[in-house]
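User: Hey, can you walk me through this one? I'd like to start with what your terms mean.
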Amino acid sequence: MKRLLITAAAAALLTHAPALAEKVVVTADRMLDVKTGKYVDYPAIFIGDDGRITSVADARTVRWSSDVRHIDLGGKTLLPGLIDMHVHLSSAAEIGGHRDLEYTDSFWTAIAVGNARKMLDAGFTTVRNVGSSDWADVGVKEAIEEGYAVGPRIVPAGHALGATGGHCDKTGLPPSYESAGKEEGVGDNPEELRYQVRRQRKYGAEVIKVCATGGVFSHNTEPGQQQLSETELRAIADEAHQWGLRVAAHAHGADGIKAAVRAGIDTIEHASLADDEGIKLCAQRARPCWFSMDIYNTDYTQSEGKKNGVLEDNLRKDREIAEIQRQNFRKAYRAGVKMVFGTDAGVMPHALASRQFATMVQWGMPPLEAVRAATRNAAEALGREKDVGAIEVGRYGDMVAVAGDPLADVRLLERPAAVIKGGQLVRPDTRP
């Protein structure tokens with residue numbers, strides 16, 4: 001649908017036009033059109049009862065009736081609501097190592113509610129939660145949608161899929177602590193993993209997360225170690241795509257990255273040790289391929305991890321890949337790999353997610369492209385271009401406002417002046 005832009009040339013006609021009947025109008029000094037990369041001055045964004053944008057006009061030449069609620073953000077710059085493609089709402093960065101055993105199982109779902117609100121307050125109106133226990137992300141999504149909690153739009157994965165003893169299995173405990181049978185999400189051949197895709201979808205997953213390689217914050221795995229075969233990864237991708245779901249692959253190591261790309265997996269998470277071949281495979285693949293590289297969080301984990309109880313072996317792995325991952329971020333961007341914004345929030349506090357923008361710029365991405373990674377690109381990678389990722393007719397009225405020019409100072413995104421979700425002002429908190 002085309003955006004309605006009313007110019008000064010139409011002002012005379014508007015003088016006699018009937019007032020628009022939308023539910024909410026948001027005005028600001030300017031807004032960023034992430035498709036063109038240009039600012040639009042003095043926007044008036046009308047949002048209907050369903051929370052979707054019905055028109056975008058020039059605030060200097062359009063009028064509205066008194067029953068339309070006006071959110072006046074004069075002096076501010078509007079951007080589309082931000083999208084973080086890699087979060088763990090039911091994790092707490094402050095609880096590291098084996099300290100998680102101090103808490104009962106339901107504790108993690110409870111803290112996910114607070115973490116969801118922190119993400120929203122930070123400007124993230126949509127998040128993709130790539131793995132949680134007990135389908136906690138599905139439950140929090142339902143609570144938000146029913147009005148029992150406040151938070152972003154959640155794209156849940158349910159349990160992450162992986163191999164026995166791999167990064168997505170529970171490791172680090174003796175056999176006597178294991179439950180009967182395999183952990184939820186674990187499979188050791190293509191058919192078991194196809195079943196797990198179906199099972200996660202059955203209970204509410206809207207994206208499938210799989211661990212193709214070892215990881216940093218698991219035990220008895222190394223980040224570069226491939227843990228599922230290309231045949232197994234292709235079975236997961238084919239099954240998910242058949243059901244209309246997209247797939248995210250945790251993949252640090254070069255071989256695992258290439259296997260995941262060849263298997264048709266949609267987004268490669270971390271991509272820390274990508275080699276030139278893997279970068280080229282992703283950049284040139286016919287089916288869109290995206291890198292989601294969490295290049296900020298090591299600043300937090302290295303400064304606060306030991307205090308939080310993170311084990312030295314995990315901090316070692318974190319140190320070993322941090323600089324390589326950042327260099328590969330720059331290399332992948334320059335090679336034309338499609339990039340999305342993903343922070344791994346949960347490894348670091350959720351409220352700090354927007355700090356990654358500055359790190360992306362520091363490592364070679366222009367501010368506009370960093371913003372696009374968290375808006376336009378992320379929406380495309382989710383397959384939800386009709387819902388989120390731009391301020392555009394038909395999409396949700398999700399916006400974040402900052403005081404200044406974020407393309408000149410991307411750190412402004414760390415201090416949102418206002419956050420709007422579906423036409424509702426959620427920050428500043430306007431509740432009585």
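Analyst: Sure: buried means under 20% relative accessible area, exposed means over 50%, and partly exposed is in between (1.4 Å probe, protein chains only). This is a predicted model, where local features need pLDDT of at least 70, side-chain atom pairs count only at pLDDT 80 or more, and totals for chains, interfaces and linings use all residues. Residues are numbered from 1 along each chain as its sequence is written, and side-chain values use heavy atoms, with hydrogens and water left out.

User: OK, is Phe46 buried or exposed?
Analyst: Phe46 is buried, at 0% relative accessibility.

User: And what does Phe46 pair with?
Analyst: Phe46 forms an edge-to-face aromatic pair with Trp64, 6.0 Å centre to centre and 70° between the planes. Rings of Phe, Tyr and Trp (its six-membered ring) pair if their centres lie within 6.5 Å; planes under 30 degrees apart are stacked, over 60 edge-to-face, and the rest tilted.

User: How exposed is Trp64?
Analyst: Trp64 is partly exposed, with a relative accessible area of 24%.

User: How many aromatic pairs are there by that rule?
Analyst: The count comes to 7 aromatic pairs. Among them, Phe341 and Phe357 are stacked, 4.4 Å centre to centre with 25° between the planes. Both Phe341 and Phe357 are buried.

User: Which residues make up an aromatic cluster?
Analyst: Tyr103, Phe107 and Trp108 form one.
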